[in-house]
Amino acid sequence: MTEKKAMEAKTNANFLEDFNPQKKPKRNKYAFACALLASMTSILLGYDIGVMSGAALYIKTDLKITDVQIEILLGIINVYSLIGSSLAGITSDWIGRRYTIVLAGVIFFAGAILMGFSPNYSFLMFGRFVAGIGIGYALMIAPVYTAEVSPASSRGFLTSFPEVFINGGILLGYISNYAFSKLSLKLGWRLMLGIGVVPSIFLTLGVLAMPESPRWLVMRGRLSDAIKVLNKTSNSKEEAQLRLAEIKEAVGIPESCNDDVVQVPKQNRGDGVWKDLFLHPTPVIRHIVISALGIHFFQQASGIDAVVLYSPRIFEKAGIVNDNYKLLATVAVGFIKTGFILVATFMVDRVGRRPLLLSSAGGMVLSLLILATSLTIIDHSDQKLMWAIGLSIATVLSYVAAFSIGLGPITWVYSSEIFPLRLRAQGCAMGVVLNRVTSGLISMTFLSLSKGITIGGAFFLFGGIASAGWLFFYFMLPETQGKTLEEMEGSFGNSKVNSGTTNSNSNNGHVQLGTNVQT
């Protein structure tokens with residue numbers, strides 16, 4: 001009887017450990033600088049999203065194209081980015097995380113130049129094809145590098161940087177729209193797109209100051225180089241040695257092996273990764289894959305890119321007809337998104353992933369339903385209802401705030417930290433692919449969807465999807481705060497739903513994800 005109680009106590013302790021936040025983290029300035037530089041890659045996507053929302057108004061007039069062509073133009077870059085995301089995992093395992101970041105900047109630079117000099121719709125689409133590949137590389141590699149260089153105590157804080165820069169890029173895109181909207185029709189939108197070369201130049205130069213990922217160095221057998229980076233990015237020499245030992249164990253290098261350069265077992269160099277992820281996954285890996293894909297899907301399927309890309313159209317539907325006022329309102333969206341993402345960055349390692357994620361999803365559901373209701377009322381009214389217009393604008397702002405406080409940054413934090421080392425690059429690339437596919441579908445169908453079921457109906461649909469997302473997060477995602485990347489697997493793989501039968505290990509109908517299992 002005593003043993004049984006002891007086992008129950010241990011199980012409950014593990015459960016609470018996996019689902020509850022830990023102690024206040026420390027900060028490492030060198031790791032902070034590395035994460036900052038790596039995360040600059042994400043500004044490329046953010047700028048493109050922000051600038052296209054306003055540039056589309058002028059591109060449609062100048063090139064005389066339809067709403068369907070605008071949908072394709074705005075959303076197709078997500079499809080193009082799949083090529084970059086799919087190649088980024090293999091490329092980063094081959095040439096390293098650092099030089100993959102350089103490659104992302106160079107490709108986007110070429111794309112921005114092509115878009116800025118586009119004489120027609122077809123050439124503009126080609127420019128977006130090139131830029132999309134660079135964005136795909138950037139989206140995948142930034143969170144992977146940051147997670148691998150960060151100590152466990154501040155990994156959530158540092159790994160949320162890519163989302164900070166996405167939002168910063170969106171804000172810069174919105175400001176660029178407003179600044180260049182005063183120029184002539186043919187010059188204004190081309191400068192909006194072409195000025196995107198600037199962040200890619202700074203990115204490429206900044207990477208020269210970054211070290212290579214210590215986990216990639218160990219995967220290549222370069223232990224001496226890895227420990228130098230770990231000593232700089234850890235809070236103490238002891239932590240650096242502990243991190244090195246955990247990485248060596250994950251890669252398959254004996255703990256007693258301390259040579260500068262060693263031979264790494266072949267199976268730990270990326271062979272058979274897709275088989276381990278999809279064909280013959282263990283219960284742990286299956287749970288991790290479902291969690292990563294689920295969080296990426298719900299991040300985009302809840303409509304964030306529809307709001308960010310088409311905010312001028314949404315504000316027009318709400319009753320704002322002047323182009324300058326619409327662009328100013330989108331700048332407000334950018335400031336709100338960026339401000340709240342900064343708040344989330346400082347809270348993620350203090351509060352934990354789950355509390356922020358669940359609060360964020362709940363706020364999004366509420367905002368979407370109120371926005372849908374107010375837009376429906378405006379759509380069916382013959383009079384200009386100022387209270388409904390004000391409510392629509394307020395709920396757009398509250399929606400992006402709720403997204404940015406949790407689901408926005410935590411998607412990248414969570415998916416980059418839960419995969420085992422050997423599966424991490426391809427696992428994260430897989431999540432980015434689903435993220436971009438979902439974003440592309442939303443971006444390329446929003447205007448048509450709004451015409452088919454009304455704009456209010458579209459946001460009711462997004463609200464329903466966000467509600468399903470909240471349930472998924474609650475039942476499927478354990479807390480990962482404070483764990484090293486090599487400890488993550490203990491939190492996954494033992495999911496049990498209470499079916500109503502009497503059981504001494506019942507957890508009141510909750511899914512039990514916290515028990516440690518041997519794999």
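**Reading salt bridges and cavities in a helical model**

Mentor: Let's start with one residue: Arg313 is partly exposed, with a relative accessible area of 22%. Keep in mind throughout that we are looking at a predicted model.

Trainee: Happy to. Which residue forms a salt bridge with Arg313, and how far apart are the closest N and O atoms?

Mentor: The general idea first: side chains of opposite charge can pair when their charged atoms come close. Here the partner of Arg313 is Asp67, and the closest N and O atoms are 2.8 Å apart. The pair spans 246 residues of sequence, linking Asp67 in helix α4 (residues 67-95) with Arg313 in helix α17 (residues 311-318).

Trainee: Arg313 is partly exposed. Is Asp67 buried or exposed?

Mentor: Asp67 has a relative accessible area of 15%, so it counts as buried, the cut-off being under 20%. Arg313, at 22%, is therefore classed as partly exposed.

Trainee: Which residues are linked with Asp67 and Arg313 in a network of salt bridges?

Mentor: Lys60 and Lys451 join them, giving a network of Lys60, Asp67, Arg313 and Lys451.

Trainee: How many salt bridges does a search of the whole structure find?

Mentor: Eleven. Let me show you another: Glu148 and Arg97 meet through their side chains, at 2.9 Å from N to O. Glu148 sits in helix α6 (residues 121-149) and Arg97 in helix α5 (residues 97-116), with their positions 51 residues apart in the chain. Both of these residues are buried.

Trainee: And where is the partner of Arg353?

Mentor: Arg353 meets Glu417 in a salt bridge, with N and O 3.0 Å apart. Since Arg353 belongs to helix α19 (residues 353-379) and Glu417 to helix α21 (residues 407-417), the pair ties together parts that are 64 residues apart in sequence. Arg353 and Glu417 are both buried too.

Trainee: Let me step back to the whole chain. How many helices and strands are there?

Mentor: The chain has 22 helices and zero strands. For the overall packing, look at burial and at contacts across the sequence. Of the 519 residues, 60% count as buried. Among contacts with a separation of 6 or more, 83% join residues 24 or more positions apart. As for the surface, about 20,300 Å² is accessible, and carbon and sulfur atoms account for 65% of that area.

Trainee: Now the interior space. How many cavities of 30 Å³ or more does the structure hold?

Mentor: Think of a cavity as space where a probe fits but cannot get out. This structure holds four of 30 Å³ or more. The largest contains about 120 Å³ of space. It is lined by 15 residues, and Ile49, Glu163, Ile166, Gln300 and Asp305 are the closest to its centre.

Trainee: Which helices supply at least two residues of that lining?

Mentor: They are α3 (43-63), α8 (161-180), α15 (283-301), α16 (304-309) and α22 (421-476). By class, the lining has eight nonpolar, three polar and four charged residues.

Trainee: What lines the second largest cavity?

Mentor: That cavity holds about 50 Å³ of space. Its lining includes Leu45, Ile49, Asn78, Arg128, Asp305 and Arg436. The elements giving two or more residues to this lining are α3, α4, α16 and α22. The lining divides into five nonpolar, two polar and four charged residues.

Trainee: So Ile49 and Asp305 are among the residues lining the largest cavity, and they also line the second largest!

Mentor: Nicely spotted.

Conventions. Residues are numbered from 1 along each chain as its sequence is written. This is a predicted model: local features need pLDDT of at least 70, side-chain atom pairs count only at pLDDT 80 or more; totals for chains, interfaces and linings use all residues. Side-chain values use heavy atoms; hydrogens and water are left out. A salt bridge is a side-chain nitrogen of Lys or Arg within 4 Å of a carboxyl oxygen of Asp or Glu. Helices (H or I, at least four residues) and strands (E, at least two) are DSSP runs, numbered from the N terminus. Buried means under 20% relative accessible area, exposed over 50%, partly exposed in between (1.4 Å probe, protein chains only). Contact means heavy atoms within 4.5 Å. Accessible areas come from the Shrake-Rupley method with a 1.4 Å probe; for residues, only the protein chains shown count as cover. On a 1 Å grid over the protein atoms alone, a cavity is a set of points where a 1.4 Å probe fits but cannot get out, and a pocket is an open set with protein on both sides within 12 Å along at least five of seven lines; lining residues have an atom within 4 Å of a point. Grid points are joined across faces, edges and corners, and a volume is the space filled by probe spheres set on the points. Ala, Val, Leu, Ile, Met, Phe, Trp, Tyr, Cys and Pro count as nonpolar, Asp, Glu, Lys and Arg as charged, and the others, Gly among them, as polar.
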